[in-house]
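Welcome, and thanks for taking a look at this one with us. Please bring up the model and keep it in view as you read the notes below.

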Amino acid sequence: MQQPLDPGMPRHLNGCLELTIHEARGLPKTDNLGFTEGDPVCEVRDGQNRLLLRTQVIRKTTKPQWEEGGAVSVVECKTLSILVKDVDPTSEDIMAKVILDAEGDTLRQVVDGIPVSGWIPLNKKKAEIRITIKPLMHRPPDMLAVANSRFPCNRGCRVTLFQSAHIGSERNYLPCLTHYNGSEDKGFGKKKHHINGTLDFERFDDSEGPRPYEPRNLWEETYVALLQSKYFIYIVGWSVFTDLPLLRERNIVVPGYEHIDGTKLTLGDLLVLKSKEGTHICIMLWREATSISNDYASADGVAGTYSERTKAFFRAHGPAINIKTFLRQSSTMLSLNKLCYTHHQKYVVCDAPALTDSRRPRRVIGFIGGIDLTKGRFDTPKKSLWGTANGIHKGDWYQACVPGVDEKDGVENCCREPWSDIHSKIEGPVVRDLIANFEERWLKQGSAKWRDALFKVDECTDILPRNEDYVCDPDYHESWNVQFFRSIDENSAINVLGVEGGIHNAYDAAIHKSERFLYFENQYFMGASKSWKSTKGNTLLSTITSLVAGEEVQAVNRIPVMIVNRIARAIRANKPFAAYVCLPMFPEGLPEAAPMQEIIYWQFNTMEMMYSLITQVLREVGSQAKATDYLNFFCLGNREPEGPLAGTGRTGSRVDTINNTRRHMIYVHSKMLIVDDDYIILGSANINDRSMAGDRDTECTIGAYQPCHSRVQGVQYPNGTVQAFRLSLWGEHLNEGSNPDPSLYYPETPACVQYVNKRALQAWHEHAGDKVQTQICHLMKYPIALNSDGTIHPMQTYFPDAPGAKIRGVESAAVPDFMTS
């Protein structure tokens with residue numbers, strides 16, 4: 001279990017625990033006025049009253065035997081509450097309980113890494129409970145897989161990484177890179193013969209050496225995959241927009257569909273076409289409470305998810321497409337959860353043709369990451385502001401940061417909001433875990449009549465079983481190992497006991513085992529609020545919402561402190577290490593609005609806490625280095641001086657200002673971490689408690705690596721697909737042209753940190769300055785500066801073109817903290 005930097009600080013439980021509830025004895029009789037046995041269930045909750053584990057109910061007994069457990073994640077946990085409740089039809093009453101303190105004899109051993117097991121007295125006479133608590137260590141040094149996770153690490157997979165929804169004609173904007181790309185003619189899908197019903201693949205050496213790395217087009221490949229599906233399509237999303245065309249620059253001819261012009265086919269029409277062919281389609285979306293569509297009214301919702309409009313579209317085409325929208329339920333937030341939290345997972349799964357021989361059974365593939373199939377997500381490396389409004393963005397113009405501009409008005413008078421995001425295509429056994437997650441959520445949330453709507457993948461003889469659905473030999477040089485993680489609770493999926501915090505555990509493990517550098521891109525970045533200098537929570541509304549929520553309303557995930565701890569280890573060992581964090585300039589929406597300002601405030605506090613702790617460590621070891629030699633924050637922006645600079649006639653409006661300054665932030669929507677160029681985490685989860693806690697937003701990610709290009713095989717400087725992807729992405733952000741600066745191959749070095757910071761600072765000054773000019777690159781220094789004592793201050797008071805939107809942010813007494821953290 002990880003401890004705070006200062007050993008004098010209070011002790012807490014942190015990390016992953018394996019909890020087992022064995023049995024209880026001596027419980028009081030609670031039914032029929034205390035004359036008959038009750039129906040006991042056991043719950044384990046952390047110090048914030050978050051449910052970690054819940055057993056099954058045992059009927060009519062005072063000595064239940066459960067023998068149930070699982071891995072749970074705890075963050076700065078001071079206490080564990082073990083509650084035995086009597087379950088009645090209308091209520092659950094506490095029969096007996098015990099609160100274990102991290103400073104007490106039992107949990108102190110766990111904090112020190114020692115398992116405990118045995119009988120523990122409860123607060124009722126003679127009542128005891130037998131439990132086992134094991135602190136789970138991080139992955140072994142020779143493995144990047146996360147141990148004790150709900151889903152296994154799958155070998156023999158393939159991952160394709162996408163840095164935008166589309167590259168297309170802007171390929172020349174990106175660097176020319178080489179890597180060992182593992183093309184399909186070099187080991188993927190090649191089999192020698194069957195052995196015991198499984199496939200044995202041929203293996204190849206690397207005698208041909210590296211080959212060019214080619215960035216791929218996400219939505220084009222999604223289009224082809226959907227058209228080529230035969231048996232089923234599963235789509236899970238925060239938002240799906242049916243009027244969306246997946247193809248923009250060119251048509252792609254798919255065998256059997258030569259008559260179709262894909263540039264004129266919307267996503268909705270494509271899915272209707274497949275359903276008429278007999279493809280089984282299930283769509284599962286978050287139901288935004290404010291989204292409505294009926295005979296009397298229609299609204300796309302405050303968040304613009306189109307959920308009810310999308311449901312109405314498919315229902316109008318008959319029952320062939322099974323679409324269900326779900327509110328986010330939770331045992332800890334009750335009805336508030338329906339309004340505040342979301343189902344945020346985003347992926348597509350479908351069957352696909354066999355890799356090599358069309359006569360062989362089909363396989364399953366998936367697309368997972370941060371990009372929803374909805375408006376505004378299609379973008380290209382140049383991140384145009386005005387130039388593509390009547391081109392590839394015609395009909396898909398999107399702007400959520402400027403007030404009072406709709407699409408019709410905006411195309412003529414205002415720039416679009418550029419979008420930066422990361423996604424992936426996955427093939428191999430791991431896709432079955434995405435299917436399992438879909439089915440577990442569908443079965444939990446859907447009524448009985450929806451349960452038969454699922455396609456029985458495992459019973460289809462024309463689809464390879466899991467133990468044969470390998471893309472390549474697991475020992476082949478370009479094979480991938482891929483693991484699926486979730487943030488979810490028992491209210492949203494079957495087979496979940498309490499809360500599943502797999503994503504937080506994955507980040508914990510990845511950061512802990514990093515050796516050279518960390519590169520984050522994320523829509524939000526906040527956590528470790530107990531270490532902040534300034535926290536809210538003393539207002540009357542904060543107190544009320546804390547009581548209603550049943551939890552302490554703070555951002556307590558430990559990811560920022562984990563980063564600090566890793567940097568501290570490097571400082572004390574006098575080894576190079578660097579962490580880069582790229583996030584939006586401000587959250588999407590009006591930046592001066594109270595919710596956005598409070599999010600900015602939490603993020604500002606998080607950054608200051610990290611810099612202060614790093615500065616403290618530097619002073620302890622007598623180093624003259626600065627915290628920014630190890631940790632830096634960035635954002636993305638663009639400026640297009642070309643074109644007319646005339647305003648709209650709305651004197652003093654933000655539209656008029658932007659039309660004259662010709663600038664706008666690029667919205668970073670990515671949820672990604674790259675570790676040492678050999679391990680990547682990507683998916684839907686943001687770095688905040690909404691995504692990491694498990695009982696707020698539902699999320700999913702994958703963790704992936706190529707064993708032969710990783711520390712698993714002793715490779716110090718991996719040169720596989722993860723490195724090529726990062727260099728291509730950095731080439732886009734830094735405008736590197738065809739040849740990246742040599743320092744970018746070694747992000748941990750001072751030379752790389754200095755090079756990136758120099759270009760990013762210049763880009764910020766060009767973006768924020770009065771002169772309308774082309775920026776040197778999109779990557780900009782986040783507008784904060786480091787003071788000598790480790791505190792930070794804004795480089796200017798307000799964000800560009802946003803009067804009232806403070807870079808420091810402002811706490812809000814009107815916005816419940818649990819919504820913004």
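Why is helix H3 (residues 267–276) largely enclosed by the rest of the structure? In this predicted model, 7 of the 10 residues of H3 are buried, so the rest of the structure encloses most of that helix. The points below start from H3, move on to its partner H2, and then turn to the nonpolar cores, another helix pair and two residues with positive phi.

**Helix H3 and what surrounds it**

- Leu267, Gly268, Leu270, Leu271, Val272, Lys274 and Ser275 are the buried residues of H3.
- Their cover includes two helices, H2 (218–228) and H4 (307–315), together with strands E14 (232–237), E15 (280–286) and E18 (321–326).
- If you follow the chain just past H3, you reach Gly278, whose phi is positive at about 105°.

**How H2 and H3 pack**

- The H2 and H3 axes come within 9 Å, with a crossing angle of roughly 20°.
- Angles under 35 degrees count as roughly parallel, and H2 and H3 are therefore roughly parallel to each other.
- Their crossing is left-handed.
- From H2, the residues Tyr223, Leu226 and Leu227 meet Leu267, Leu270, Leu273 and Lys274 of H3.
- By residue type, this contact of H2 with H3 holds 6 nonpolar residues, 1 charged and no polar ones.
- Leu267, Leu270 and Lys274 appear among the buried residues of H3 and also in its contact with H2.

**The nonpolar cores**

- The largest nonpolar core has 140 residues, and the members that touch the most others are Phe520, Ile563, Phe633 and Ile680.
- Helix H12 (residues 594–620) gives the most to this core, contributing 13 residues.
- Phe520 is a good place to zoom in: beyond its neighbours within four places in sequence, Phe520 is in contact with Tyr507, Ile511, Ile559, Ile563, Tyr580, Val581, Cys582, Met672, Leu673 and Ile687.
- Another core, of 41 residues, lies apart from the largest one, and its members include Ile233, Val254, Leu267 and Val348.
- Leu267 thus links two topics here, as a member of that other core and as a residue of H3 that meets H2.

**How H11 and H12 pack**

- H11 and H12 have axes that come within 10 Å and cross at roughly 20°.
- These two helices are therefore roughly parallel to each other.
- H11 passes H12 in a right-handed crossing, whereas the crossing of H2 and H3 is left-handed.
- On the H11 side, the contact is made by Pro560, Val561, Ile563, Val564, Ile567, Ala568, Ile571 and Arg572.
- On the H12 side, Thr606, Met609, Met610, Leu613, Ile614, Val617, Leu618 and Glu620 take part.
- The contact of H11 with H12 divides into 13 nonpolar residues, 1 polar and 2 charged.
- Ile563 belongs to this contact and is one of the residues that touch the most other members of the largest core.

**Positive phi outside glycine**

- Tyr306, which is not a glycine, has a positive phi near 60°.
- You will find Tyr306 in the loop between strand E17 (298–300) and H4.
- With a relative accessible area of 10%, Tyr306 is buried.
- Asn574 is not a glycine either, and its phi is positive at about 55°.
- The loop between helix H11 (559–573) and strand E26 (578–582) holds Asn574.
- Asn574 is exposed, with a relative accessible area of 71%.

Definitions and conventions: Residues are numbered from 1 along each chain as its sequence is written. This is a predicted model: local features need pLDDT of at least 70, side-chain atom pairs count only at pLDDT 80 or more; totals for chains, interfaces and linings use all residues. Side-chain values use heavy atoms; hydrogens and water are left out. Buried means under 20% relative accessible area, exposed over 50%, partly exposed in between (1.4 Å probe, protein chains only). Helices (H or I, at least four residues) and strands (E, at least two) are DSSP runs, numbered from the N terminus. Contact means heavy atoms within 4.5 Å. Axes are lines fitted to C-alpha atoms, for helices over the stretch in contact, and angles run from 0 to 180 degrees between N-to-C directions. Angles under 35 degrees count as roughly parallel, over 145 as roughly antiparallel, 65 to 115 as roughly perpendicular and the rest as oblique. A crossing is left-handed if the near helix is turned anticlockwise from the far one by less than a right angle, and right-handed if clockwise. Ala, Val, Leu, Ile, Met, Phe, Trp, Tyr, Cys and Pro count as nonpolar, Asp, Glu, Lys and Arg as charged, and the others, Gly among them, as polar. A nonpolar core is a set of buried Ala, Val, Leu, Ile, Met, Phe, Trp, Tyr and Cys residues joined through side-chain atoms within 4.5 Å.
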